[in-house]
Amino acid sequence: MTRQFAILGLGYFGSTVARELKRHNNQLLGVDRDESRVDAMAEHLDHAVIADVTDEKALAELSLENYDAVVIDVDGNLEASVICTLHAKELGAREIWAKAHSDAHYKLLDRLGADHIVYPEYDTGIRVAESLNYHAMVDFIRLGEREFIVEIEATERLTEHCATVAQLDIDERALCLVAIKRGDEVIRAPERNTELACGDHLVLMGDLAALRELGNKL
């Protein structure tokens, strides 16, 4: 189903979001005060507008309330980002995604009612730290304060001691093995007698402490 999105600010983040949304055949409005940015993205946009995203009158003419979501990317300018978010909220935007540049910026956007706040430096820093700490971790998603979904690669050390799922000795009250990814194959809810191979990707969901305990086996 085709959806409609407004991208306010066509910096690297906003442009990347726009290209990906267009790849999925969505309808896009792109707005930036920099004419060269708008021109560079024109082929990916259904409507391209050169305007200051902090100008309330200019935003009012865009009918932001008609879009499924509004994405705000104002490069390195906290004041402009806050003003744009405030106007979008007051103009009735259904769902606001805004990019934060600092902890203070994050808090301001949250207070203004942004529905989703993207903080790339923080999120990437967390991922790098976790990957360095648990070298076999491929990816993770935070579900809550202590609940995560993680994807880890089965190391040679792990498979030497755990030849099957049963031998992982997972506490099923705290941790669930959702799937095993083996090349192009995905084994959903694997049985306890499923054999493990070095290089398998294990997708697990559960408590942070249980995940760390398993991580010590890698």
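## Sheet, salt bridges and cores

In this predicted model, an open sheet is built from 6 strands, which follow the order β3-β2-β1-β4-β5-β6 with parallel pairing. The edges are taken by β3 (47-50) and β6 (116-118); each has a single partner strand, so one side of each is left without a neighbour in the sheet. From one strand to the next, the twist averages 15 degrees.

Strand β2, residues 27-32, pairs with β3 in the parallel sense over 4 bridges. Asp32 stands opposite Ile50 of β3. Helix α1 (residues 12-23) packs on the sheet and touches β1 (4-8), β2, β4 (69-72), β5 (96-99) and β6. The direction of α1 makes about 165 degrees with that of β1. Helix α4, residues 78-90, lies across β1, β4 and β5, and runs at about 180 degrees to β5.

**Salt bridges**

The model has 9 salt bridges. Three of them are listed here, with the N to O distance and the accessibility of each partner.

| Pair | N to O distance | Relative accessibility of the basic residue | Relative accessibility of the acidic residue |
|---|---|---|---|
| Asp32 and Arg37 | 3.4 Å | Arg37, 28% | Asp32, 6% |
| Arg33 and Asp52 | 3.9 Å | Arg33, 62% | Asp52, 26% |
| Arg182 and Asp200 | 2.7 Å | Arg182, 30% | Asp200, 2% |

Asp32, which faces Ile50 in the sheet, is also a salt-bridge partner of Arg37. Asp32 is buried, because its relative accessible area of 6% is under 20%. Arg37, at 28%, counts as partly exposed.

In the second pair, Arg33 sits in the loop between β2 and α2 (35-41), while Asp52 sits in the loop between β3 and α3; they are 19 residues apart, and the pair links distant parts of the chain. Arg33 counts as exposed at 62% relative accessibility, because the cut-off for that class is over 50%. Asp52 is partly exposed at 26%.

The third pair joins strand β9 (residues 175-182), which holds Arg182, to the loop between β10 (185-188) and β11 (201-207), which holds Asp200; the pair therefore ties together parts that are 18 residues apart in sequence. Arg182 is partly exposed, with a relative accessible area of 30%, whereas Asp200 is buried at 2%.

The loop between β3 and α3 (56-60) also contains Asp55. Asp55 is partly exposed, with 33% relative accessibility. Its C-alpha atom is separated by 8.4 Å from that of His87, a residue 32 places away along the chain.

**Nonpolar cores**

In soluble globular proteins, nonpolar side chains tend to be buried together. The largest nonpolar core here has 25 residues, and those with the most contacts inside it are Leu8, Val31, Leu62, Leu64, Val70 and Ile72. Two or more residues come from each of β1, β2, α3, β4, α4 and β5. The largest share, 3 residues, is given by α4.

What does Val70 contact, leaving aside its neighbours within four places in sequence? The partners of Val70 are Ala6, Leu8, Leu64, Ala93, Glu95, Ile96 and Trp97. Leu8 and Leu64 also appear with Val70 among the core residues with the most contacts.

Apart from the largest core lies another, of 21 residues, which includes Ala154, Leu168, Leu177 and Leu211.

How values were computed: Residues are numbered from 1 along each chain as its sequence is written. This is a predicted model: local features need pLDDT of at least 70, side-chain atom pairs count only at pLDDT 80 or more; totals for chains, interfaces and linings use all residues. Side-chain values use heavy atoms; hydrogens and water are left out. Two strands pair if DSSP finds at least two bridges between them. Axes are lines fitted to C-alpha atoms, for helices over the stretch in contact, and angles run from 0 to 180 degrees between N-to-C directions. Contact means heavy atoms within 4.5 Å. Buried means under 20% relative accessible area, exposed over 50%, partly exposed in between (1.4 Å probe, protein chains only). A salt bridge is a side-chain nitrogen of Lys or Arg within 4 Å of a carboxyl oxygen of Asp or Glu. A nonpolar core is a set of buried Ala, Val, Leu, Ile, Met, Phe, Trp, Tyr and Cys residues joined through side-chain atoms within 4.5 Å.
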